[in-house]
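This report concerns the structure shown here. Please consult the sequence and the coordinates alongside the text.

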Amino acid sequence: MAPAQTCGVYEAVCASAAEVCDWLADAYECVDYSAALEKAQNYSEVEDFSSDEFIYGEFDTGFFLDLLEHLSPSPTATFADLGSGRGQIVLTAAAVRTWKRCIGVEIVPILHELALGAYEVVCAINPPRALSECVFLHGRMEGLLADLAHVDVVFAYATKFPLDENGYLSISRILHSALKEGATVVTVNNVLDLEAGFSLETEITGPNPETNGLTNSTAYIWRVC
C-alpha cells in the first residue's frame, strides 16, 4: 500500500468549512421533518433499518474539503456518495466545487426523504457558491449500477458497510463492475479488494469526529483499473 499522508491544510480550509457547516445547519433547521417521515412511511421496504448496518457516522467537513482539494476533479466530473444519509456530503460537494452532477445513494427511506427536503431548502438559501445539480437516489447500490456508470469520483463513508471474510469491503467487486476505468473511489477506514480491480493511489489521515479527536480517520484513494 502507498504511504499515508497527513492532511496539512485544515487551517487553510477552516473558514470555508465553517461557512459550509453554518449554511447546512440553517438548511436542515428548515427541513419539514414531519413531511419527510410521512413520505418515508409510504415506501414498500420491509427491511429492518434499525440494524447496525444502517447507522451512519458524520464525516469531518474540513477533512472532506481537503480531500476534494487533493483530488482536484474536473468541473465536468460527476460525484457520488454511497450511503449518503441526509445528504450532507452531497450538498457540501455541490456547494464548494463545480460538478456536472452530484449524486447521493441511500437505502433508508427517512434519510433519503430528508436529503430531498434539504436539497429543496438549499436551493432557496444562498450557498457558499453556485450550487451544482444534485440527484438523490433511493435503493441499494446493486439496483442502481447503471446510475454509477458515468461517475468520476465516488465517496464511501458508510461506516457499517459489511466486510468480507478477508477484511475487504464486500462492495468491491460490485462497485468495480459499475464504474468506468479511471474513476476515483475514496473509502474511509476500510479498504477495497485490490484483486477486484483497484489500485491504491494514496492514503490521507484526518480528524475523526466520532471519537472526539482521540483517533484519526484514514481516507484511502483508489483508481479503477
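The sections below treat the overall fold, one helix and its packing, two buried side chains and two loop residues.

## Overall architecture

The structure is a predicted model. Its chain contains six helices and eight strands, and these elements follow one another along the sequence in the pattern β-α-α-α-β-α-β-α-β-β-α-β-β-β.

Of the 225 residues in the chain, 49% are buried. Among contacts with a separation of 6 or more, 76% join residues that are 24 or more positions apart.

## Helix H5

Helix H5 comprises 14 residues, 109–122. The expected span of such a helix is 20 Å at 1.5 Å a residue, and the end C-alpha atoms of H5 lie 20 Å apart, so the two values agree.

H5 is mostly covered, with 11 of its 14 residues buried. The buried positions include Pro-109, Leu-111, His-112, Glu-113, Leu-114 and Ala-115 in one part of the list, and Gly-117, Ala-118, Tyr-119, Val-121 and Val-122 are likewise buried.

## Packing of H2 against H5

Two packed helices are described by the angle between their axes and the distance between the axes. For helix H2 (residues 33–40) and H5, the angle is about 135° and the axes are 8 Å apart. Angles over 145 degrees count as roughly antiparallel and those from 65 to 115 as roughly perpendicular; H2 and H5 are therefore oblique to each other. The crossing of H2 past H5 is right-handed.

On the H2 side, the contact is formed by Tyr-33, Ala-36, Leu-37, Lys-39 and Ala-40, which meet Pro-109, Ile-110, Glu-113 and Leu-114 of H5. The residues of this contact divide into seven nonpolar, no polar and two charged. Within the H5 set, Pro-109, Glu-113 and Leu-114 are also among the buried residues of that helix.

## Phe-64 and Thr-92

Phe-64 is located in helix H3 (residues 61–71). Its relative accessible area is 1%, so Phe-64 is classed as buried, the cut-off being under 20%. Leaving aside neighbours within four places in sequence, Phe-64 is in contact with Phe-59, Phe-79, Ile-89, Thr-92, Ala-93 and Phe-155. Phe-64 and Ala-17 are separated by 47 residues in sequence, while their C-alpha atoms are 9.0 Å apart in space.

Thr-92, one of the contacts of Phe-64, belongs to helix H4 (residues 88–96). Its relative accessibility is 4%, and Thr-92 therefore counts as buried. With neighbours within four places in sequence again left aside, Thr-92 is in contact with Val-20, Leu-24, Thr-61, Phe-64 and Leu-65. Thr-61 and Leu-65, like Phe-64, fall within the residue range of H3.

## Loop residues with positive phi

Which phi value does Ser-72 have, although it is not a glycine? Its phi is positive, at about 45°. Ser-72 is found in the loop between H3 and strand S2 (78–82). At 47% relative accessibility, Ser-72 counts as partly exposed.

Asn-189, a residue other than glycine, also has a positive phi, near 70°. Asn-189 lies in the loop between strand S6 (184–188) and strand S7 (198–207). The relative accessible area of Asn-189 is 34%, so this residue is partly exposed.

Methods
Residues numbered from 1 in each chain as written. Predicted model: local features only at pLDDT ≥ 70, side-chain atom pairs only at ≥ 80, totals over all residues. Heavy atoms only, no water. Helix = DSSP H or I, 4+ residues; strand = E, 2+ residues; numbered from the N terminus. Buried < 20%, exposed > 50% of the residue type's maximum accessible area, 1.4 Å probe, protein only. Contact = heavy atoms within 4.5 Å. Expected span 1.5 Å × (residues − 1). Axes fitted to C-alpha atoms, helices over the stretch in contact; angles between N-to-C directions. Parallel < 35°, antiparallel > 145°, perpendicular 65-115°, else oblique. Left-handed = near helix turned anticlockwise from the far one by under 90°. Nonpolar A, V, L, I, M, F, W, Y, C, P; charged D, E, K, R; others polar.
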